[in-house]
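Student: I'm new to this one. Could you walk me through how to read it, feature by feature?

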Amino acid sequence: MNGPAPEIVPDPTIPLPPYELRMGGRHFKKDPAFVNAGVRDVRQLRQRAGLGRRKRVLDWGCGAGRLAVGIKHLLGHVEDYHGVDVQPALIGWAQAHLADEHHRFTLVDAHNARYNPRGRPSFDIPADDGSVDVVHGYSVFSHMLADDVAGYAATIRRILAPEGRAWLTAFVEEEVPDCVENPDDYLDLRWDGALHCVRYERHFFEQLMWDAGLAVSEFVHGKETDGQSVYVLRRR
Ligand SMILES: C[S@@+](CC[C@H](N)C(=O)[O-])C[C@H]1O[C@@H](n2cnc3c(N)ncnc32)[C@H](O)[C@@H]1O
């Protein structure tokens, strides 16, 4: 029987970040919504990016650990979950409450005009070359201009294992200008403040990935938060 996957009831032994530390908070006011959004990503990563308990996961722009919460609920753990973010409060909470022998979090001081405007210019993701089986980057390229997207795509290529996959979301449409910050009349939402929504033209975005050494394995248009699309990428 193929129906929607069952909702998971939050496990009270797994800590959840307070509401104000939940990125995308308006979608996650209730604990079951937060937990099930993480669980849903884990199911997708399992289905589309080869995630399993023996895999090494790099959660780039991890926030306060939404994916880690999903992994703990659905799989218990993976071989190595490494969450990386630029916001000290989120990483501090996650390291204090979610870290254990299989889960860890690292703060990076990279510049992002929305989330870390005083950070250093950098495309760094702290992981060794070829060491990551699954990169998860939910709603991170959605808040970056093209130079950063190109730079980080090259980093993702560097850290991916030969058979690894990167599962990323972005605002991508066809027949629009190459890259627009906070586009007017897009998706019926009001985009406000630096890098709230950076929308890409599909072929332009895929060329950026290709130039960085990444090929598109899968593209799913418009089904993620606020109308973002999913890319599954591999080394080319
Ligand atoms: C919209 S939030 C998504 C959080 C998380 N991925 C989720 O889906 O719950 C985007 C996250 O990317 C982080 N971020 C932005 N630029 C970054 C960078 N250069 N390196 C690491 N994290 C970054 C932000 O601090 C923020 O937590």
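Tutor: Sure, and we begin with a term: a polar contact is a pair of N or O atoms within 3.5 Å; within protein, one must be able to donate a hydrogen and the other to accept it, and residues adjacent in sequence count only if both atoms are side-chain atoms. Here, a polar side-chain atom of glutamine 87 lies 2.9 Å from an oxygen atom of the ligand. Aspartate 85 also has a polar side-chain atom by a ligand oxygen, at 2.6 Å, while for tryptophan 60 the partner is a ligand nitrogen, 3.4 Å away.

Student: Before we go on, what sort of model is this, and how are residues numbered?

Tutor: This is a predicted model, where local features need pLDDT of at least 70 and side-chain atom pairs count only at pLDDT 80 or more, while totals for chains, interfaces and linings use all residues. Residues are numbered from 1 along each chain as its sequence is written, and side-chain values use heavy atoms, with hydrogens and water left out.

Student: How much of the ligand does the protein bury?

Tutor: For that you need accessible areas, which come from the Shrake-Rupley method with a 1.4 Å probe; for residues, only the protein chains shown count as cover. Glutamine 87, again, has a polar side-chain atom 2.9 Å from a ligand oxygen. Taken alone the ligand exposes 590 Å², and the protein buries 95% of that.

Student: Which residues come nearest to the ligand?

Tutor: A residue is near a molecule or strand if one of its heavy atoms lies within 4 Å of it. There are 19 residues around the ligand, and Gly61, Arg66, Asp85, Gln87 and Tyr152 come nearest. By type, that shell divides into 11 nonpolar, 6 polar and 2 charged residues. In this count Ala, Val, Leu, Ile, Met, Phe, Trp, Tyr, Cys and Pro are nonpolar, Asp, Glu, Lys and Arg are charged, and the others, Gly among them, are polar.

Student: Now the helices. Does the length of α1 agree with what it should span, or disagree?

Tutor: Helices (H or I, at least four residues) and strands (E, at least two) are DSSP runs, numbered from the N terminus. The expected span of a helix is 1.5 Å times one less than its number of residues. Helix α1 covers residues 31-49, so its 19 residues should span 27 Å; the end C-alpha atoms are 26 Å apart, which agrees. For α4, the 14 residues should span 20 Å, and its end C-alpha atoms are 20 Å apart, which agrees too. Just after α1, glycine 50 takes a positive phi of about 75°.

Student: What do the buried residues of α1 pack against?

Tutor: An α-helix has 3.6 residues a turn, so residues three or four places apart point the same way. Buried means under 20% relative accessible area, exposed over 50%, and partly exposed in between (1.4 Å probe, protein chains only). The buried residues of α1 include Phe34, Asp41 and Leu45, and the buried set packs against α2 (66-74), β4, β5 (160-173) and β8 (214-224). Alanine 37 sits in helix α1 and is buried, with a relative accessible area of 13%.

Student: Where is histidine 136, and is it buried or exposed?

Tutor: Histidine 136 is in strand β4, and it counts as buried because its relative accessibility is 2%. Its side chain makes a polar contact of 2.9 Å with that of aspartate 41 and another of 2.8 Å with that of aspartate 59. Contact in general means heavy atoms within 4.5 Å. Leaving aside neighbours within four places in sequence, histidine 136 is in contact with residues including Leu45, Trp60 and Trp167.

Student: And what about tyrosine 138?

Tutor: Tyrosine 138 is found in the loop between β4 and α4 (146-159). This tyrosine is buried, with a relative accessible area of 12%. The side chains of tyrosine 138 and glutamate 224 are joined by a polar contact of 2.8 Å. Tyrosine 138 and leucine 168 are 30 residues apart in sequence and 5.5 Å apart in space, C-alpha to C-alpha.

Student: Which phi value does serine 139 have?

Tutor: Serine 139 has a positive phi of about 65° although it is not a glycine. That serine lies in the loop between β4 and α4 and is partly exposed, at 21% relative accessible area.
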